[in-house]
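Biologist: I am new to this structure and should be grateful for a close look at a single part of it. Could you take the open sheet and describe how its strands are arranged and what lies across them?

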Amino acid sequence: MNDKEVLESHPFEPFTPPDARLLMLGTAPPPRARWSMEFYYPNLQNDMWRIFGLAFFGQRDYFLEAGRFSPERIAAFLEERGIALSDTGRRFVRHKGNASDKFLEIVEPVDLRALLARMPSCCVLATTGELAAETIAKITDSTAPRTCEFADFSFAGRELRHYRMPSSSRAYPRPLADKAADYAAMFRSERLL
């Protein structure tokens, strides 16, 4: 960390519906100047909520209202479906001032054990990119799966399944429809879709 770099704390509390069965984990949000809302995946250029819109409703803009993502609509949907959100970095450094995994250093990872304790029915983790997948593998002393694959392991007194999903960033070179199909396949296999 140099003099211009700042150690940041994650700005959002984990979103943990008590009946959640699936926990999705990214790395860290973009800098605040890129936010369109105060909730996970806040950047309008990030396709996560378009992926969800396509996968669940066949509409890429399902979660958009007046040109912005609707955190209320997203949270209500996630609670209804039993999907929790967090990031793998609780404290982190941006080496290039953005949210690119290549230039993000996770200094303090999420306390996964405490997070899972809040959700007794959660048995599936889905990481959204390479750094998130590697961070979870390190925390759980398991092996990170390849993209669009999963690995089963034991952690914190329960059997878990870890899916590594494609990044929702537009920098990840894969068409939106293909990413949505990958996520839909995972949601179907876990009976969430």
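Modeller: The following account treats the open sheet, then the helices that lie across it, and lastly some neighbouring topics. The model is a predicted one.

The open sheet is formed by five strands in the order 5-2-8-10-9, and its pairing is mixed. At the edges stand strand 5 (83-87) and strand 9 (149-155); each has a single partner strand, so one side of each is left without a neighbour in the sheet. From one strand to the next, the twist averages 25°. In general, strands of a sheet pair through backbone hydrogen bonds, in either a parallel or an antiparallel manner. Within this sheet, strand 2 (residues 22-26) and strand 8 (residues 124-128) run parallel and are joined by four bridges. There, Leu22 stands opposite Val124 of strand 8.

Two helices lie across strands of the sheet. Helix 4 (residues 130-140) lies across strand 2, strand 8, strand 9 and strand 10 (158-165), and runs at about 140° to strand 8. Helix 5 (residues 176-189) lies across strand 2, strand 5, strand 8 and strand 10, and its direction is at about 165° to strand 10.

Rings may be considered next. Tyr183 and Phe187 belong to a cluster linked by ring pairs, together with Tyr41, Trp49, Phe52, Phe56, Phe57, Tyr62, Phe63 and Phe77. Some of these residues are in helix 1, where Trp49, Phe52 and Phe56 are among the buried residues. Helix 1 (residues 48-57) is mostly covered, with eight of its 10 residues buried, and is followed by Gly58, whose phi is positive, near 70°. Another member of the cluster, Tyr62, has Arg73 over its face, at 4.1 Å from the ring centre. Similarly, Arg113 lies over the face of Phe155, at 4.7 Å from the ring centre.

The structure holds 20 aromatic pairs. One of them is formed by Phe39 and Tyr40: the ring centres are 5.8 Å apart and the planes stand at 85°, so the pair is edge-to-face. Phe39 has 10% relative accessibility and therefore counts as buried; Tyr40, at 2%, counts as buried too.

Other strand pairings involve strand 6 (residues 89-94), which is mostly covered, five of its six residues being buried. Strand 6 pairs in the antiparallel sense with strand 1 (residues 7-9) over three bridges, and Arg91 is the bridge partner of Ser9. Strand 6 also pairs in the antiparallel sense with strand 7 (residues 104-109), over five bridges; in that pairing, Gly89 stands opposite Pro109.

Notes. Residues numbered from 1 in each chain as written. Predicted model: local features only at pLDDT ≥ 70, side-chain atom pairs only at ≥ 80, totals over all residues. Heavy atoms only, no water. Buried < 20%, exposed > 50% of the residue type's maximum accessible area, 1.4 Å probe, protein only. Pairing = 2+ DSSP bridges. Phe/Tyr/Trp six-rings, centres within 6.5 Å; stacked < 30°, edge-to-face > 60°. Lys NZ or Arg CZ within 6 Å of the ring centre and 35° of its normal. Axes fitted to C-alpha atoms, helices over the stretch in contact; angles between N-to-C directions. Contact = heavy atoms within 4.5 Å.
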